Structures are given as structure tokens and as C-alpha cells.
Amino acid sequence: MKKYKRRLYVILTFILCLSVVDPISATTISELRDNVKKNQSQLKNAQQKADEAQEAQEGVEEEIEEIDAELVNLITDINLCEEAINDKEEEIYRTQLDYDAAVAEKDEQYAAMKIRIQFMYEKGDSSYLHMFFGAGNMGDMVNKAKYVEELYDYDRKLLVEYEDTVKRVQELWDTLEEDKSELETSRTELQEGQAYMEELLAQKKEEYENYSVMLTKAKQEAATYTARIKQETAQIRKLEEEERKRREEEERKRKEEEERRRKEQEALLADGDSDSEEAPKKQETPKPTSSGGGKGQDIANYACKFIGNPYVAGGTSLTNGADCSGFVMSVYKNFGINLPRSSYSQSTVGKGVSYSDARPGDVIYYGGHVGIYIGNGQIVHASTERTGIKITSATYRNIVTVRRIV
């Protein structure tokens, strides 16, 4: 009777140990993961808005820079035009002085010639005859005749020279006036262009400010969702840690109970129990199963072959060095799948899944960084120049999105 009571005690104790379970609320973790997934989606939308506003703002900024450069060129041209006009006005002023001097000298010469002509006219031919017949000899007469001829030629030559000078100065003055008129026209056109560019610049600056407001708002939204994801991820980590400890404690109690039952069984056998009933079999600890399979697992396994290889900014070589997105792109390329080059672009491919549903081969985006999920809560990624390609906990940073590509 004693041995049956003891056996009944063992069975009841075992049943009691199996029934005493105090699990962490799965609903709480599930709700948190759903919230994280929703916030990840909202964060992605906010980041997309921010990127669009940033891209538009950068486009406007480039236009502003171009307008500024063109405005600088216009103002420079206007200044040069002003200086050229001033120079032309100075040349015109000097030319006017030369013109006035030439005209005055011509007038003086013309007046002198008129006096000589008048004198010779009033004296008549007798003055010429007197001059010639008063000559002492033929040579003197020839000299006096030559003198009269030279005087006439001289007057005529001077008159022609002064007329040429006046004509030349007049032509120069006309040319300078024409140049000045063209410069003034150019200045007017440049000033009109400057006014237009300044108006356009004001419009573009207003557009820039509008995009700046949009960008600020989108960044604020992104910051809000990031804070929520961070908080909820921390809560998930805490609950998962509590769940891990609870399972470890259950496992420890189970092993203790198995050990106690084993000793109890040995004690019963030692008391001479002759029953042929078989002793309860030892419960085997279930072996961990693979967290994924198929092509995604093949991708994860292939990516792990390059652990320890260097990180190189801008690199895409799995052996000589790659950055985070270059590593992911090159791994997938080996399987005939072409991915975008940047980490953000890679966060838009495939379909989004929650972290709780992540499978090996999925791409996890952390905001500016990506890695390949390999199962068991781990990723392989090109981390830093110091550490290279390595394995890290998948929740070492706040997850923005998980993308399933295969």
C-alpha cells in the first residue's frame, strides 16, 4: 500500500508541475508587434514624404543657385556696361573738344585766306604787275611769282587738311554716339533681365520655404513614429526576455522534477517492487527546428560565407569589401535577383512583413542600414570598417521595415 501511495504522489506531482504555467501574455506581445508594424508603415510614409520634400527642395535650391549665378552675371554685365558708357562719354567729350578745336582752326585759316584774297582783289592786277615789274632781275621775278603760287597752294592745302580733320572728327563723334546708344540699349535690356531674375528668385525662395515647412513637418512625423517604434521595440525585448527567463525556469523545474522522479523510481525499485510495469520513459527535449528553408535559407547561408570580409564604403565586392547595401545587393545578385543600390531603395522592394514573421533571406531595414535575416533573431550584415561583415542580433537597432523578396 505504501508503494502505491508513493507512486500516486509522484504522478500527482508531475501533473501539478505540468499544469502550473504562468506565461507572459502572448496577446500583449502580439499587439505590440502589430503596433510596431503599423508605426513602421507610418514611419516609411513619413520618410517618403520627407524624401520627396527634400528632393523637391534640393531641386528648387539648384534652381536658386542657377538664378543667383545668372543674376550675378547680369549685374556684372550691367556694371561693365555702365563703365563702358562712362568711357564712351569721356571719349565723346574729348572728341568734341578736338572737333571744336579743328573747326576753330579751320575758321581762322579761312578768315586769313579771305583777308589775303580781299587784299589782292582790292589792289587789282596792278599790284601783281607792280610786284613783278618791281623785281630787280628775272630771278627775283621768278622767285616772287613762285612765292605767290606757293602761298596759294599752302592756303589750299591747309584748307583741305582742316576740312579732312573736321570730317574725320565728325565721323568719330558719330561712331562714339552710336556706340553709346547701343550700350545704353544693352544696359536697359540687362536691367530688365535683372528685374525679371530678381522676381523669379523671390518666387523660388518662397517655394524653397514652403518645401522647408513640408520637410520639417515630415521629419517631425518621422521622429514621432521612430520614438513609438523604439518604445514598443523596447517593450517587446523586455517581454521576450521575460518569456525567455520563464521558459528557462520551466526547463530547470522540469529537469529537477525529472531528476526527482528518477530518484523516486530508483527508491521504489530499491524497496523491492516486483510489478512488471514499465517505468515512465524520460521525456526528450525537442530539438530546435530550422527557422526557414527554401531559397531564402539558401540566400542566408550564402551570405554567411562572407563573414569576416572587410567593410568598404561604396564597395560591392563580397570578398574585397562592400558596404551594407552593396553586400545585400551582391548576395541577391548571385541568385539572379537585381536589387537597387541604396539601403533606402532596398527598403521599398518586395513586400513588407512584420518582424515576428521574418524568415531567413528577408531584408531588414533600420533607417540608413540594411542586413539579411538568417533566422533565430540574427542578421548578417556589412557593419563597419572596424568589424566588417558579421552576425548581429536582429533587434540591435530599431527596425523600420522587414522586406520579403523571395
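Q: What makes helix H5 of this predicted model count as mostly covered?
A: In the predicted model, H5 spans residues 324-333, and nine of its ten residues are buried. A residue is called buried when its relative accessible area is under 20%. Among those that meet this criterion in H5 are Cys324, Gly326, Phe327, Met329 and Tyr332.

Q: How much of the protein as a whole counts as buried, and what is its secondary structure?
A: Of the 406 residues, 30% are classed as buried. The protein has six helices and eight strands, arranged along the sequence as α-α-α-α-β-β-α-α-β-β-β-β-β-β.

Q: Why is the contact between Tyr344 and Tyr365 called edge-to-face?
A: Ring centres must lie within 6.5 Å for a pair, and planes over 60 degrees apart count as edge-to-face. The rings of Tyr344 and Tyr365 are 6.4 Å apart, centre to centre, with 70 degrees between the planes, so both conditions are satisfied. Tyr344 lies in helix H6 (residues 343-346) and Tyr365 in strand S4 (residues 363-365), so the pair ties together parts 21 residues apart in sequence.

Q: Why is Tyr344 called partly exposed, and why is Tyr365 called buried?
A: The partly exposed class runs between the limits of 20% and 50%. Tyr344 has a relative accessible area of 25% and is therefore partly exposed. Tyr365, at 4%, is buried because its value is under 20%.

Q: What makes Tyr366 and Tyr396 an edge-to-face pair?
A: The centres are 5.3 Å apart and the planes meet at 65 degrees, which means that the pair meets the limits of within 6.5 Å and over 60 degrees. Tyr366 is in the loop between S4 and strand S5 (370-375), whereas Tyr396 is in the loop between strand S7 (388-393) and strand S8 (401-404), 30 residues apart. Tyr366 is buried at 4% relative accessible area, while Tyr396 is partly exposed at 33%.

Q: How do you know that Asp362 and Arg404 form a salt bridge?
A: The criterion is a side-chain nitrogen of Lys or Arg within 4 Å of a carboxyl oxygen of Asp or Glu. For Asp362 and Arg404, the closest N and O atoms are 2.8 Å apart, so the criterion is met. Asp362 occupies the loop between strand S3 (351-353) and S4, and Arg404 belongs to strand S8, so the contact ties together parts 42 residues apart in sequence. Asp362, at 1% relative accessibility, is buried, and so is Arg404, at 11%.

Q: What makes Arg244 and Glu241 a salt bridge, and how are these residues placed in helix H3?
A: Their N to O distance is 2.3 Å, so the pair falls within the 4 Å limit. The two residues are three residues apart in helix H3 (residues 138-270), separated by about one helical turn. An α-helix has 3.6 residues a turn, so residues three or four places apart point the same way. Arg244 is partly exposed at 36%, as is Glu241 at 33%.

Q: Why is Glu55 called exposed?
A: Its relative accessibility is 58%, and exposed means over 50%, so Glu55 counts as exposed. Glu55 is found in helix H2 (residues 26-133) and is one of the residues that gather in a patch of negative charge on the surface, including Asp51, Glu52 and Glu58.

Q: What makes the phi of Asn376 noteworthy?
A: The phi of Asn376 is positive, about 55 degrees, although the residue is not a glycine. Asn376 lies in the loop between S5 and strand S6 (378-384), and its relative accessible area of 64% makes it exposed.

Definitions and conventions. Residues numbered from 1 in each chain as written. Predicted model: local features only at pLDDT ≥ 70, side-chain atom pairs only at ≥ 80, totals over all residues. Heavy atoms only, no water. Patch = residues over 30% accessible without salt bridge, like charges linked within 9 Å, V, L, I, M, F, W, Y side chains within 5 Å. Areas by Shrake-Rupley, 256 points an atom, 1.4 Å probe, with all protein chains shown as cover. Lys, Arg positive; Asp, Glu negative; His and termini not counted. Charge placed at Lys NZ, Arg CZ, Asp CG, Glu CD. Helix = DSSP H or I, 4+ residues; strand = E, 2+ residues; numbered from the N terminus. Buried < 20%, exposed > 50% of the residue type's maximum accessible area, 1.4 Å probe, protein only. Phe/Tyr/Trp six-rings, centres within 6.5 Å; stacked < 30°, edge-to-face > 60°.
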